[in-house]
Amino acid sequence: MAFRVYLGISFTLAAMTGLVYTTIVVYRVDTAGLNPLQLVLVGTVLEAAYFVFQLPTGVLADLRSSRACVVVGVGVLGAGLVVEGLLPSFVGIVVAQVVGALGYALVSGALEAWVAGEVGSSSLTRVYVRGSQAGLIGTVLGTAASGWVAGWRTNLPLLIGGAFLLATASTLAFVMPERTRTRRAPKTAGTGGAGGGVEGEAGAVETVRAAWGLIRVRPAFLVVFAVVALVGGWSEAIDRLWGAHLLENFRLPGPDATVWFSVLGVAATLLGLVVTQVIAARAAETMRTLLVIVTALLVTTIVFGLVTNVWIAIGAALALAAARTAFAPVLSAWLVERTDPGVRATVLSTRDMFDATGQVIGGPALGAIGTWWSLRAALVAGSVALAPAAALLVLARRRLRVAAAATPADAAPPGDAVVGGDGAR
């Protein structure tokens, strides 16, 4: 039951995201009149608010209820979309980002921690990849509908998507199970042992200490979080500027840009399904897989930013989007499999804080480059962050191999045998 609900949530969130965000650049540029700097600042506000909300919502999910966080978060996400659809101005859109950031923070980490607790920690890569594939199918449907819906009114996808998420939250309140309603933080950080938790503020502090203690004693975690921050800095350029790049620097075939964005979104999602299927078949090679993904993102971003032929640019954008779909589920499974159940949501929230930090730092600079120099320059500058990310993944692979060679599996401390046994992963 829990796995089916997880697939349903992944499908629904992705479908509404596809419906809304496929053509949102048209709404923000043509209807709200945002310039490149404002486009990136909108994302920066979202990520800054997301950063602020992440740790408190992660601790709340660990101490109280991951299920409740997901249910409320889906509803708040819907409210944020409705706010943006009703207020087509820079200030209105910024306000909507704060609301949406709270919703994202409530769902992020809590959803992954919830399904891990319900289905167990074995084969989590498969579980998360299947969830990603369900999301990709939802994205195809939402993306396919987006161009048609936006053709009536550019804010209509926001209003429909928001209303649907509000209805989904109401449904989840009745159908979403949870075997363990209250989490208990470990008494001893970093040892993998679970102990008694305490309530209120003391319990929250203990949960944070346990999560950070776990991260500190596992150097591979810190390396991976650094990679997350660098990829976050890159993603801000792509998320906020790729659509504007296509609109301003190329003549897209056909009369309606919204239809083209829908076509591209569907094609990218179908390619993403193929990529995630390959990843599911090779789930054991985690670190190598992440390295291949980051390298592919680096190359395709540079090509997308520099080429002048519209068809090559479209091909690069499709390849980039397909590779990107595999990054999150592989990374999430690697982290969750190595994290104590009592602090999973907090550790995943820490991951998202690193991601938000990268986006907040990189976003305004890239927006300024796009406004005062060129969108091409901003995209290429954003890709620069991926080179050190690839280098760190190489370092992480080497550290894990050394740990595997130096520490026998039966002699490793509790919880560390998994990390040491990662080998080439």
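This is a short walk through the structure shown above, from the whole fold down to a few single residues. Keep in mind that the model is predicted.

Let us begin with the overall picture. The protein is built from 18 helices and 0 strands. Of its 425 residues, 55% count as buried. The accessible surface comes to about 16600 Å², and carbon and sulfur atoms make up 69% of that area. The chain also brings distant parts of its sequence together: among contacts with a separation of 6 or more, 84% join residues 24 or more positions apart.

To see how helices meet, start with helix H5, which covers residues 90-107. One of its partners is helix H3, residues 36-63. The two axes lie 8 Å apart and make an angle of about 30 degrees. Angles under 35 degrees count as roughly parallel, and therefore H3 and H5 are described as roughly parallel to each other. Their crossing is right-handed. On the H3 side, the residues that make the contact include Leu41, Val45, Ala49 and Phe53. On the H5 side, they include Ile93, Gln97, Ala101 and Tyr104. Sorted by class, the residues of this contact are 16 nonpolar, 5 polar and no charged. As you look along these helices, it helps to know that an α-helix has 3.6 residues a turn, so residues three or four places apart point the same way.

Helix H5 also packs with helix H4, residues 66-86. Here the axes come within 7 Å and cross at roughly 165 degrees. An angle over 145 degrees counts as roughly antiparallel, so H4 is roughly antiparallel to H5. This crossing is left-handed. From H4, the residues involved include Cys69, Gly73, Val76, Gly80 and Glu84. They are part of a contact with H5 residues that include Gly92, Ala96, Val99, Gly103 and Val107. The contact of H4 with H5 has 16 nonpolar, 6 polar and 1 charged residues. Some H5 residues appear in both meetings: Ile93, for example, takes part in the contact with H3 and in the contact with H4.

Now turn to helix H14, residues 327-336. Here 9 of the 10 residues are buried, so H14 is largely enclosed by the rest of the structure. Among these buried residues are Phe327, Pro329, Trp334 and Val336.

Finally, let us visit some single residues, beginning in helix H1, residues 2-21. Both Arg4 and Tyr6 sit in this helix. Are they buried or exposed? Arg4 has a relative accessibility of 59%, so Arg4 counts as exposed. Tyr6, at 5%, counts as buried because buried means under 20%. Gly131 gives us a reference point for both. The C-alpha atoms of Arg4 and Gly131 are separated by 9.4 Å, although the residues are 127 apart along the chain. For Tyr6 and Gly131, 125 residues apart in sequence, the C-alpha distance is 6.9 Å. Tyr6 touches Gly131, and beyond four places away in sequence it also touches Leu111, Trp114, Val115, Val127 and Tyr128.

Our last stop is Phe174, in helix H8, residues 156-175. With 76% relative accessibility, Phe174 counts as exposed. The C-alpha atoms of Phe174 and Val71 are 9.8 Å apart in space, with their positions 103 residues apart in sequence counted as the separation.

Key:
Residues numbered from 1 in each chain as written. Predicted model: local features only at pLDDT ≥ 70, side-chain atom pairs only at ≥ 80, totals over all residues. Heavy atoms only, no water. Helix = DSSP H or I, 4+ residues; strand = E, 2+ residues; numbered from the N terminus. Buried < 20%, exposed > 50% of the residue type's maximum accessible area, 1.4 Å probe, protein only. Contact = heavy atoms within 4.5 Å. Areas by Shrake-Rupley, 256 points an atom, 1.4 Å probe, with all protein chains shown as cover. Axes fitted to C-alpha atoms, helices over the stretch in contact; angles between N-to-C directions. Parallel < 35°, antiparallel > 145°, perpendicular 65-115°, else oblique. Left-handed = near helix turned anticlockwise from the far one by under 90°. Nonpolar A, V, L, I, M, F, W, Y, C, P; charged D, E, K, R; others polar.
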